[in-house]
Amino acid sequence: MVPWTQGAEFQAFYSLVKDFEHDTGITVDVQVTRALTQQLDASVKVGSPPDLAVLPSVSAIVRYAGEEGGLQPLDADTVDIGAYLQPFRGLAQVKGATYAIPVKVDVKSLVWYDSTTTPKPRTDSTDALAGFANGSGLTWCLGLASGPTSGWPGADWIADLMLADTGADAYARWVSGSLLWTSPEVERAWLRWRELLGEPALKDASKRGFAEATQAMTTSAPTCQLAQGARSALAADREKPTRLDFAVPPTSRPVQVSGDFIGMFADGNPSARSFVAYLAGAAGQQMWVDASGSSAFSAHSEVTRYANAVQQRIAAMLNPRSGYRLCFSAADAMAPDVAAAFYRAVLNYADGTNNLSTLLSQIRNVQERLSTSSVPETAICAAPN
């Protein structure tokens, strides 16, 4: 069960499926759904989960690992989890046992610009970035619409501001639930987001697709000049070098990363275990990175080959010698219901339909109603080693 419904992301994955089927004679039945959380929950509840599934969040690893009929541990013969870098390695494990593999990862704390028309943005601090954008008269490209997960681009940005202004420790406490949504630190990140963007970028952003927003950077008469986020969120052609380049935070600041994890629910299905082993090995990981149209990066320490200079520079941020501290994407580490409330609040805040304190109280109420296990605070941020 996978959430990749179409386009290059699905095709990159499906090319691995076809190679595996050709090499082994095993058939892989791919079930595609945009309602991954709901469908996976329902199938586990009635005792008929898929053999393998992309997990809706890393909190789902903790939750399903503790459920009857949930995730099955992956032994060392199937996955060499020690070959994977932190924080991805630790997030795949519960109480020392491996329950998932990070099949592809990304870096989110990037500021994109057209290198032929725009000076390199100042990213040494959020104040410097705001001063650069405002002083140059530049407009941010912002689109928040993304089907059932509309709002996630804003959630990523707010998480980046939390990291930049409060540091990794406070960020990890927020993500794990010990720093409340109504705390001054969290409220300040939301206020900073609106201040940084300005009203022109926020206008109609809740209705604008995230890909449509970044396309506006590459037209003959661009209507916006700066974008924030992972390379996979850009609309530019990933097969060819483009004019777009990116600026990164200094190594003194942690950066936000993300990843898609696959877990095994099938108990005793050797074919499912073979496919996991195929996806988890260095060769399979390199094939995913190399696949036509792929925007994937790998957390496997032996995958070092990337097609162009932009990809190589992003991949270098995941390297143990990068000097960066990596913190996992906030919404992707929260319980799905909390992430959904986060996304809704982003849309409402962008529209100006509710005041901020009310929105943050609503998310806090959702979090306090849940009894699901959270990702350990100590697993959220780590140096990539």
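## Cavities

By the rule used here, the count comes to 3 cavities of 30 Å³ or more. A cavity is a set of points, on a 1 Å grid over the protein atoms alone, where a 1.4 Å probe fits but cannot get out. Grid points are joined across faces, edges and corners, and a volume is the space filled by probe spheres set on the points. Keep in mind that this is a predicted model, in which local features need pLDDT of at least 70 and side-chain atom pairs count only at pLDDT 80 or more, while totals for chains, interfaces and linings use all residues. Residues are numbered from 1 along each chain as its sequence is written, and side-chain values use heavy atoms, with hydrogens and water left out.

The largest cavity holds about 190 Å³ of space. Its lining has 19 residues (each with an atom within 4 Å of a point), and V111, L129, D160, P249 and R253 lie nearest the centre. The lining divides into 12 nonpolar residues (Ala, Val, Leu, Ile, Met, Phe, Trp, Tyr, Cys and Pro), 2 charged (Asp, Glu, Lys and Arg) and 5 polar (the others, Gly among them). Helices α5 (126-136) and α6 each supply at least two lining residues, with α6 giving the most, 5 residues. Helices here are DSSP runs of H or I with at least four residues, strands are E runs of at least two, and both are numbered from the N terminus.

## The core around α6

Helix α6 (residues 152-176) also brings the largest share of the largest nonpolar core, 14 residues. Such a core is a set of buried Ala, Val, Leu, Ile, Met, Phe, Trp, Tyr and Cys residues joined through side-chain atoms within 4.5 Å. Buried means under 20% relative accessible area, with a 1.4 Å probe and protein chains only. Of the 139 residues in this core, Y171, W174, W190 and W193 touch the most other members.

Follow W174 outward: beyond its neighbours within four places in sequence, W174 is in contact (heavy atoms within 4.5 Å) with residues including A159, W181, A330 and F342.

## A pocket beside α10

The second largest pocket has a volume of about 350 Å³. A pocket is an open set of points with protein on both sides within 12 Å along at least five of seven lines. Of its 21 lining residues, V28, D29, D51, L52 and F275 are closest to the centre. The largest share of this lining, 4 residues, comes from α10.

Within α10, the buried residues are A272, F275, V276, Y278, L279 and A280. They pack against α1, β1, β4 (100-107), β8 (255-264) and α11 (282-290).

Conventions: Buried means under 20% relative accessible area, exposed over 50%, partly exposed in between (1.4 Å probe, protein chains only).
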